[in-house]
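Student: I have a structure to work through. Could you take me through it with short questions and answers?

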Amino acid sequence: MALLRCSDLSLGYEGKPILEHIDFEVQAGEYLCIVGENGSGKSTLMKTILGLIRPLRGEVLTGDGLRPNEIGYLPQQTVVQRDFPASVYEIVLSGCQGRQGLRPFYRDADRELAWQNICRMEIEPLARRCYRELSGGQQQRVLLARALCATKKLLLLDEPVSGLDPKVTAEMYQLIGDLNRKDGITVIMISHDLEAALHYASHILHIGSRIYCGPVEGYLNSETGARWAGKGGQCPCQN
Amino acid sequence: MSKLALYLTQTYVQRALLVGVLVALCASLLGVTLVLRRFSFIGDGLSHVAFGAMAVAAVVGLSDNMLLIMPVTIGCAVLLLATGRNTKIKGDASVAMISVGALAVGYMLMNLFPPRGKSNISGDVCSTLFGGTSILTLSNLEVRLSIVLSIVVVLFFILFYHKIFAVTFDESFAAATGTNTGLYNLLIAVIIAVVIVLAMNLVGSLLISALVVFPALSAMRVFKSFRAVSVCAACISVICAVVGILFSAVQGTPVGSTIVVADILAFGAFSLAGFLHSL
């Protein structure tokens, strides 16, 4: 059984479909990049997978022992977070909240896990610092550590490198690649950067008027992929 | 000083101090999450709603107008806070709309159908907004009610502290990873509505907004973790309430506005401290 399966999924807001008839599977250990033009429904698809939006039709199934609340999520930053007074440790620890149920306080095991993930993201020196004072790259590491507290199996990342400079972007991709290869965490990532997607990902999901889902190699040979990647690996929308 | 000592032996001053401190404590604890969610003005908005409901209750002739005020205000709070951020009219606009609307409708109804035995409508309106001297004329029942309520609010805040943090910092992440954000938003909305209605009766709607906003903002100038900000906001709020009530008892100034002035001074001091610290 696949880790995640979307069958005949139609999604959109208020009954108006943005995307229809999406079928794809994600196997454990894959690194899937979702690409497509602005407004093609990439973020909506991710929110539907996470259960934040109800699909108009079809369903999202989790398998392989993955429960729906064991998905780690790295959302795009919101306005509220930019001036939020919270320490790095508090934010990372809040990644364990989904498992708490009605228990009011965290257990020692949760605190331990939060520290492990802080160390894993190499942000120990920042643990007592205030989130709003960190650089963009550091903030993304904090949110990634939080996502890792929520999951051991599947990470969903919504444009994790947007707004970062090239050096930090490369570090971020390296970090995500390591989580996928060394720790065996399945990654699903929305990306605007096709070149990086082709370089790091094992599979591509292209959504838009034509849908492709499969390994990276097959994507370049497909009609959609050839057209899209043909322009020097740049998104046509950016040219 | 001897004058102050004399006042402190008076029951009405003791009651005012007790209730003022408790209301200040509750409002400031809830204020942190409200300010961060961009709902700073909800205290004002909901108290206008409560005023509107009070006017309707007076016109209809209900003997106990709490029966109408409480459900209406809770309903509006739920509508504003618990429907999430995906509504068509965004937070600040919907608060403004509901608050101004309720105030206007309430005032108009009171003018069209003046309640029997009351001729001084603008006096009523004024004391609703500014609290008048009602904090100095509290009954035993009101004091007990506010003690019970404060215990409930403080317990709620402590037991749900981590959930409030998770839902306030990142609602989508919390929902995606299995936190029941809808339930917690609903609980927060109901508690806020209850606090605002009771506090409005005790200290007036002007003061309740100030108690929600000022301590949280002052604490955020200096402190950098959610826990420190919450604790500090509660302390600032309690200290300002005590100072304000004692000052107004001695000098004869209006209680509500004296407390607000104390909060403004604290905000100034904390801003300065934050600025000096960042140099």
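Student: Which residue of β7(A) stands opposite A:Leu32?
Tutor: This is a predicted model, where local features need pLDDT of at least 70, side-chain atom pairs count only at pLDDT 80 or more, and totals for chains, interfaces and linings use all residues. Residues are numbered from 1 along each chain as its sequence is written, while chains are lettered from A and ligands numbered from 1 in the order in which they are written. Strands are DSSP runs of E with at least two residues, helices are runs of H or I with at least four, and both are numbered from the N terminus. Look across from A:Leu32 into β7(A), and you meet A:Ile188.

Student: In which sense do β3(A) and β7(A) pair?
Tutor: Two strands pair if DSSP finds at least two bridges between them. β3(A) and β7(A) have four bridges, and their sense is parallel.

Student: Which residue of β8(A) stands opposite A:Cys33?
Tutor: β3(A) also runs parallel to β8 (residues 203–206) of chain A, joined by four bridges. Across from A:Cys33 in β8(A) is A:Ile204.

Student: How many residues of β3(A) are buried?
Tutor: Buried means that 20 or more other C-beta atoms lie within 10 Å of the residue's own; exposed means 12 or fewer, partly exposed is in between, and C-beta atoms are placed from the backbone. On one side of β3(A), A:Tyr31, A:Cys33 and A:Val35 are buried; on the other, A:Leu32 and A:Ile34 are buried too. The count for β3(A) is five of five.

Student: What is the order of strands in the open sheet of chain A?
Tutor: The sheet has six strands, and the pairing is mixed. β5 (71–74) and β9 (212–215) of chain A each have a single partner strand, so they stand at the edges, with one side lacking a neighbour in the sheet. Neighbouring strands are turned by 15° against each other on average, direction ignored; axes are lines fitted to C-alpha atoms, for helices over the stretch in contact, and angles between N-to-C directions run from 0 to 180 degrees. The order is β5-β6-β7-β3-β8-β9.

Student: Which residue of β6(A) stands opposite A:Leu74?
Tutor: β5(A) and β6 (residues 154–158) of chain A are parallel and share four bridges. Opposite A:Leu74 is A:Leu157.

Student: What angle does α5 of chain A make with β5(A)?
Tutor: Contact means that two C-beta atoms, placed from the backbone, lie within 7 Å. Helix α5 (residues 136–150) of chain A lies across β5 and β6 of chain A. The angle of α5 to β5(A) is about 165°.

Student: What is the phi of A:Glu122?
Tutor: Most residues other than glycine have a negative phi. A:Glu122 sits in the loop between α4 (108–120) and α5 of chain A. With 12 other C-beta atoms within 10 Å, A:Glu122 is exposed. Its phi is positive, near 55°.

Student: Is A:Glu159 exposed or partly exposed?
Tutor: A:Glu159 lies in the loop between β6 and α6 (166–181) of chain A. Its phi is also positive, about 45°. A:Glu159 has 19 other C-beta atoms within 10 Å, so it is partly exposed.

Student: How many helices and strands are there in chain B?
Tutor: For chain A, the secondary structure comes to nine helices and nine strands. In chain B the elements are α from the N terminus on. The totals for chain B are 13 helices and zero strands.

Student: What span should helix α2 (residues 11–36) of chain B have?
Tutor: The expected span is 1.5 Å times one less than the number of residues. The helix has 26 residues, and its end C-alpha atoms are 38 Å apart, which agrees with the expected 38 Å.

Student: Where does α2(B) bend?
Tutor: The bend is the angle between axes fitted to the seven residues ending at a residue and the seven starting there. For α2(B) the angle is about 30°, and the place is B:Leu30.

Student: Is B:Leu211 buried or exposed?
Tutor: B:Leu211 is found in helix α11 (residues 205–222) of chain B. Residues up to four places away in sequence aside, B:Leu211 touches several residues, including B:Val23, B:Ala27 and B:Ser237. It has 32 other C-beta atoms within 10 Å, so B:Leu211 is buried.
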